[in-house]
Amino acid sequence: MITAVQRYFHLKPEDNRKLMLMGVVFLLAGISEMMNYTSFMAIFNTRVGIMILPIMYGIEACLLPLEGWLLSFFSQRIAKPRFMSRLYLLFVSIGLLNGVILLCFRWLELEWIGFYFIMFITSNFVIRQQTLLMWSTAFDLCPTQQAKRLMPVFVLLAIIGGIIAGLASTTLATLLGSELLYMIAALLLLAAFPSFIHAIRKYLVPLSFQEEQAPQGERSSYYWSRIFRSPFLLLVVGIMTVMPALYFVMEYQYFTKAQQAFPNESELTSFYGMMVVLLFIAAFILQLISTKLMDKLGATNTILLISLIFVACFGITSLFIDHSMALIMVAIGYSFTYLLLYYFAEPSYQFFFKMLPLQHRDGYRYTAQGIASSAGILLGSGISLLHSQWQVSLTLQAIIGLVLAVLLVAIAWGAKSLYIKELIANLQQSTKDYIAELLESMRHERVRKAIVQQLQQGDVLLQQFTLELLIRQPDQALYQVLWQYAENRQGKLKALALSAIHPQSWQQVKLAQYKLLIRDEDDQVRAIGYRQLFLSSQLLSTQLRNEYIEQARRDISLLVNYEAWTVTSDLNELQLELQQQLQKGNEAAQLACQLIGERHLDSMIMDVMMCMLSQSQAVKLTAVRVIGQISDKDMVTSLMEFLVGADIELNKAIEEALLSLGESANEELLRFVVSPNQEQWSKAVSVLSVNGKEQHIESIVIPTCVSKLQELSASHRMYEQIAATNQAQWIELARERTTDIVKQQLDTIWKVMIRYSDERAVTLLREAVENEQEEIRDHGIEILSEGFGHNKLSAELLNYYRGREVEQEERKEVTDPWLQAIAIKAGAEKGELLLMNNWEYLGALDKIVFLKQSPLFQDISIDELGRIASIAHEKTYEENEYLLQQGEQSTKLFIVLEGHVELSGTNEDGVEGTLAIIGEKMSIGEASLFDDSPSKISAQVLFGQVHVLEISGDEVVKLVRLYPEIGVGLLRSISHRLHALEQMLLKLG
């Protein structure tokens, strides 16, 4: 059952925990809300009179601005989680207090007419704000895309709650009475409070702890002015005003007809209950049908569709209000307006506020609601008074409602257009959620026109960005525009325009047009032309198709050859061709690997494995990714072994490959969870935290994470031992290594926590517990103490961040070889076995110490420096010997260990001059590594021998790509030398 629900609503694993917590709240709150509503409305209508309803709505309209101002005021001065929990408890308190008074009236046979007015206003306040609180809480807990997945489920649960409430009201009203039903509604809301507060603490508190630490309130006038200055927000307020007004008009007509048919209070309550059951069953069916449609429509189109349904409801009501079927037709209209307003429109409103900052979101919400509710009730009660006070017919009243519904459609259309503009305006400062919203909005014609207009701009970068957006969201309607654009462009822009054409639109392209594309000068354009030509089977006979495939195979471009390989049907011939390309290496091997993955040529897995030994980084990375596509669990061990000594890019590619293998890799990965190698452990745990089964996570992964946290304490203790030796260079190295170990292990452990919580919440919580400000840090630790995420792991993280010592029997030994080697060098650790186990690390430490002192490598971790040390070779040059000569190609980077080197050069007139004297820890040769030009200077040994570390130019280029800090260091070195040259020129001047 649960699996079916997840599949139907496209739920992801990270949605489950929020669904379990907030699902209970929505179910119980749905029961409570409808039971509250049916009971208090029945009590008021029978004991006070339905003719007073418009007056009560007018009184509410006068109070609503004050209500909105107070809520906005407190929402900005009380931390968000505390404000929400207090507001919830206020709802419960109002319900319990009113329930107690009603029961006292009943049992003591008391009566005070004034209480029913108070009950009406306070109960309406609870229902109105309870609905808003539920939706806003759910939206604040979830990123936008997750909210779109979960909100239909929450709506469904609230609807089921309404059905249960209707059944309860129908069957229990005559047995228990309306007063006891009202009290039960308050108790159900109280029963949902533990789940509500748990969700707040688990998901919202980590997102808002900084606001809670120092809540900053804006004046209400701030929100008023911002709303009235924004056309978009004004239209949103307009929608939020007119929809409730129409609902109140429909509600008045419904209550009037129901009161005429059922004058008895118990009978009226039972009728209300029966209607609730029927309308919520209809809503249940509607929700199942409309979920996917609403997901495609988006927020603004949902509002527009609801507006059109409002028009239909008032149209039908105006036709049948005086008919014998009036009660049935009005009840149907009332059911639709109620459900669409509170269960579809209210959630959709929240998308309008998702673009606003979290700390101001509630301020805007409550201010907008205060304005809209007051105006909406005034408008609705005013139209209702036309009948109750001025005897206007119900038919004319329904026609006025119809006109207002048409106006609502116009407002919704305007809001839709401005919403799209708001999304585009916020694109640069938005997250992935807003990018997705923009791509979704590109389905609409107005947005497409706005996007296409950018292609006419002169800015090439803007045109490129527009084409890339269109590639992500192809549109058949843009075929002619993109084709004409491509005909007038060359190179990259032409290729992008062709790539943006919708796949089905290529069916309109004629063979003559294809011929022009495959003769184009640009490789990418020809490749696209052949690709689409091969897909257009109706244009080519088998013979002609084979001729074009052979033509593409003979093309000088590998990209074009690739398109021929993708459609080659003879697999034996294809494999021979691909093996030849693999042997060529570089781009040919990369494309061959890519094709093996796309065509799932499992028989060539060993050929791909050999590419992992390639000297080309691009080929190696492609091979690893392909292994993830076509291999099985047998390749897991090989991939994990490649992790040892892997650089950042290869490390990431291996993780992607392991993730691609899915659950089939789990059995092998579990063996590496206990690996002493830090990289292997980290990768195994990271992948299992995504793909692993719950039983394996609980029994194997979590215990190893706990053990690693205890090892961190051991690392801190070893650092303290090294610090006690008072050897500055080893202390600094130990401090940096300990920091690296802590970061790497905590990165992995927090990834496991994401499985049990929300990624945003986990990220912010970690920032909190590691914050330098004590108050923020204490707040994060307090969240951990509440049992955030996985209880056992949370408790161990809490112990670690609180700095608690591990019990003696639970203490772990340090397993990191670098830290052990540093301890041996510093004399903090001794022992022949320890020395033998860390011999290779001890040998590299001297190089690392020196590299660390060089400005080029001062920001690189010790683990990465170990890899750099393995490619850096020591060499000695004698006096007067040249490291590099002017006019020759520089192929190495030199770092001076000891001695001095003179940099000199000869100008066009043959005049030779000294530019600089290079000493220890300085570098030579960096200026000529990134182009093919010969060196402009000579570097000659001065005053005896010079000891240097040499790194080949290809390795330096690779290091700069992997570690931008090295590139910054090279720029810093070149800049320093340029400044020295400027000073020399100034002196000569």
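Let's start where helix 25 meets helix 27 in this predicted model. On the helix 25 side, the contact is made by N586, A589, Q590, C593, Q594, I596, G597 and E598. Facing them from helix 27 are A618, V619, T622, A623, V626, Q629 and I630. Sorted by character, the residues of this contact are eight nonpolar, six polar and one charged. How are the two helices set against one another? Helix 25, which covers residues 586-598, and helix 27, residues 617-630, pack at an angle of about 10°, and their axes are 9 Å apart. Angles under 35 degrees count as roughly parallel, so helix 25 is roughly parallel to helix 27.

Stepping back, you can place this pair within the whole protein. The protein contains 42 helices and six strands. Of its 989 residues, 56% count as buried. Its accessible surface comes to about 44,000 Å², and carbon and sulfur atoms account for 57% of that. Sequence separation is worth a look too: among contacts between residues at least 6 apart in sequence, 77% join residues at least 24 apart.

Now let's follow a few single residues, going along the chain. A168 sits in helix 6, residues 144-176. Is A168 buried or exposed? Its relative accessible area is 15%, and buried means under 20%, so A168 is buried. Setting aside residues up to four places away in sequence, A168 touches M35, A173 and L181. You can also find S270 from here: it is 102 residues from A168 along the chain, and the two C-alpha atoms are separated by 9.2 Å.

Q532 offers a second example, this time in helix 21, residues 523-535. With 13% relative accessibility, Q532 counts as buried. W506 and Y514 are the residues that Q532 touches, not counting those up to four places away in sequence. The C-alpha atoms of Q532 and Q507 are 9.1 Å apart, with their positions 25 residues apart along the chain.

Further on, T748 lies in helix 33, which runs over residues 728-755. T748 has 2% relative accessibility and therefore counts as buried. Leaving out neighbours within four places in sequence, the residues in contact with T748 are W681, S682, V685 and S686.

For burial along a whole helix, turn to helix 34, residues 759-769. Its buried residues are A761, V762, L765, R766, A768 and V769. Where do these residues sit around the axis? They cover an arc of only 155°, which puts them on the same side of helix 34.

Finally, two loop residues deserve a visit for their backbone. Most residues other than glycine have a negative phi. E109, in the loop between helix 4 (80-108) and helix 5 (113-141), has a positive phi near 55°. Its relative accessible area is 73%, so E109 is exposed. N726 likewise has a positive phi, near 60°, and lies in the loop between helix 32 (694-723) and helix 33. At 68% relative accessibility, N726 counts as exposed. N726 thus brings you back to helix 33, where T748 is found.

Technical notes:
Residues are numbered from 1 along each chain as its sequence is written. This is a predicted model: local features need pLDDT of at least 70, side-chain atom pairs count only at pLDDT 80 or more; totals for chains, interfaces and linings use all residues. Side-chain values use heavy atoms; hydrogens and water are left out. Axes are lines fitted to C-alpha atoms, for helices over the stretch in contact, and angles run from 0 to 180 degrees between N-to-C directions. Helices (H or I, at least four residues) and strands (E, at least two) are DSSP runs, numbered from the N terminus. Angles under 35 degrees count as roughly parallel, over 145 as roughly antiparallel, 65 to 115 as roughly perpendicular and the rest as oblique. Contact means heavy atoms within 4.5 Å. Ala, Val, Leu, Ile, Met, Phe, Trp, Tyr, Cys and Pro count as nonpolar, Asp, Glu, Lys and Arg as charged, and the others, Gly among them, as polar. Buried means under 20% relative accessible area, exposed over 50%, partly exposed in between (1.4 Å probe, protein chains only). The arc is that of the directions from the helix axis to the C-beta atoms. Accessible areas come from the Shrake-Rupley method with a 1.4 Å probe; for residues, only the protein chains shown count as cover.
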